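User: I'd like to learn how to read the features of a structure like this one. Could you walk me through it, starting with the core?

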Amino acid sequence: MASLKVACMVVMCMAVVGAPIMVQGISCNEVTTDMSPCLSYLKNGGEVPEACCGGVRSVLGAAGTTSEKQTVCNCLKQDANNFGINDDYAQALPTRCGVSVPYKISRSTNCENIRF
């Protein structure tokens with residue numbers, strides 16, 4: 001009986017160790033952190049810091065699936081409300097950083113309609 005328990009334990013350990021590791025999608029905390037160098041520009045305009053554009057590229061690169069893109073969209077809308085972001089500056093940011101975002105950056109964007 002003891003050997004059966006040991007055998008079951010070995011099989012369970014192998015299943016856990018051999019199981020594929022799930023990579024968690026992008027989180028709002030990551031979006032906020034990556035976009036934090038943009039805060040001054042997004043509130044007041046002016047020059048866009050290079051660190052901001054690096055953050056924009058990082059967020060866009062991390063959102064590979066439709067679900068991740070929807071998450072980023074919702075996080076950006078949440079941050080816009082939390083930090084008092086100027087909508088015009090937010091809409092201009094991708095162009096100012098030389099990147100393309102295939103949806104309108106706006107608090108009124110329905111992120112659930114984003115499909116890629």
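Analyst: Happy to! A nonpolar core is a set of buried Ala, Val, Leu, Ile, Met, Phe, Trp, Tyr and Cys residues joined through side-chain atoms within 4.5 Å. Keep in mind that this is a predicted model. Here the largest nonpolar core has 26 residues, and Val 56 and Leu 93 have the most contacts inside it. Two or more residues of this core come from each of H2, helix H3 (39-44), helix H4 (50-62), helix H5 (66-83) and helix H6 (87-97).

User: What does Leu 93 touch, not counting residues up to four places away in sequence?

Analyst: Leu 93 touches Met 35, Cys 38, Tyr 41, Leu 42, Val 48, Cys 52 and Val 56.

User: And the pocket: how much space lies in the largest one?

Analyst: The largest pocket holds about 430 Å³ of space. It is lined by 27 residues, and Met 35, Leu 42, Leu 76, Ala 90 and Ile 105 are the closest to its centre. By type, the lining divides into 18 nonpolar, 4 polar and 5 charged residues. H2, H3, H4, H5 and H6 each supply at least two residues of that lining, with the largest share, 7 residues, coming from H5.

User: Now a single residue in H5. Is Gln 70 buried or exposed?

Analyst: The cut-off to apply is that buried means under 20% relative accessible area. Gln 70 has a relative accessible area of 11%, so Gln 70 is buried. This residue sits in helix H5, and, leaving out residues up to four places away in sequence, Gln 70 touches Cys 111, Glu 112, Ile 114 and Arg 115.

User: How does Asp 34 read by the same steps?

Analyst: Asp 34 lies in helix H2 (residues 28-35). Its relative accessible area is 23%, so Asp 34 counts as partly exposed. Beyond its neighbours within four places in sequence, Asp 34 is in contact with Gly 55, Ser 58 and Val 59. For a distance to try on screen, Asp 34 and Ala 51 are 17 residues apart in sequence and 8.9 Å apart in space, C-alpha to C-alpha.

User: Which elements have the lowest and the highest mean pLDDT?

Analyst: Helix H1 (residues 2-18) has the lowest mean pLDDT, 38, and H3 the highest, 97. Over residues 2-23 the pLDDT is below 50, and this stretch has 0 contacts in the model beyond near neighbours in sequence. Where pLDDT is low, the predicted coordinates should not be read in detail. For the protein, the mean pLDDT is 82, with 78% of its residues reaching 70 or more.

Terms used:
Residues are numbered from 1 along each chain as its sequence is written. This is a predicted model: local features need pLDDT of at least 70, side-chain atom pairs count only at pLDDT 80 or more; totals for chains, interfaces and linings use all residues. Side-chain values use heavy atoms; hydrogens and water are left out. Helices (H or I, at least four residues) and strands (E, at least two) are DSSP runs, numbered from the N terminus. Buried means under 20% relative accessible area, exposed over 50%, partly exposed in between (1.4 Å probe, protein chains only). Contact means heavy atoms within 4.5 Å. On a 1 Å grid over the protein atoms alone, a cavity is a set of points where a 1.4 Å probe fits but cannot get out, and a pocket is an open set with protein on both sides within 12 Å along at least five of seven lines; lining residues have an atom within 4 Å of a point. Grid points are joined across faces, edges and corners, and a volume is the space filled by probe spheres set on the points. Ala, Val, Leu, Ile, Met, Phe, Trp, Tyr, Cys and Pro count as nonpolar, Asp, Glu, Lys and Arg as charged, and the others, Gly among them, as polar. pLDDT is the predictor's confidence in each residue, from 0 to 100.
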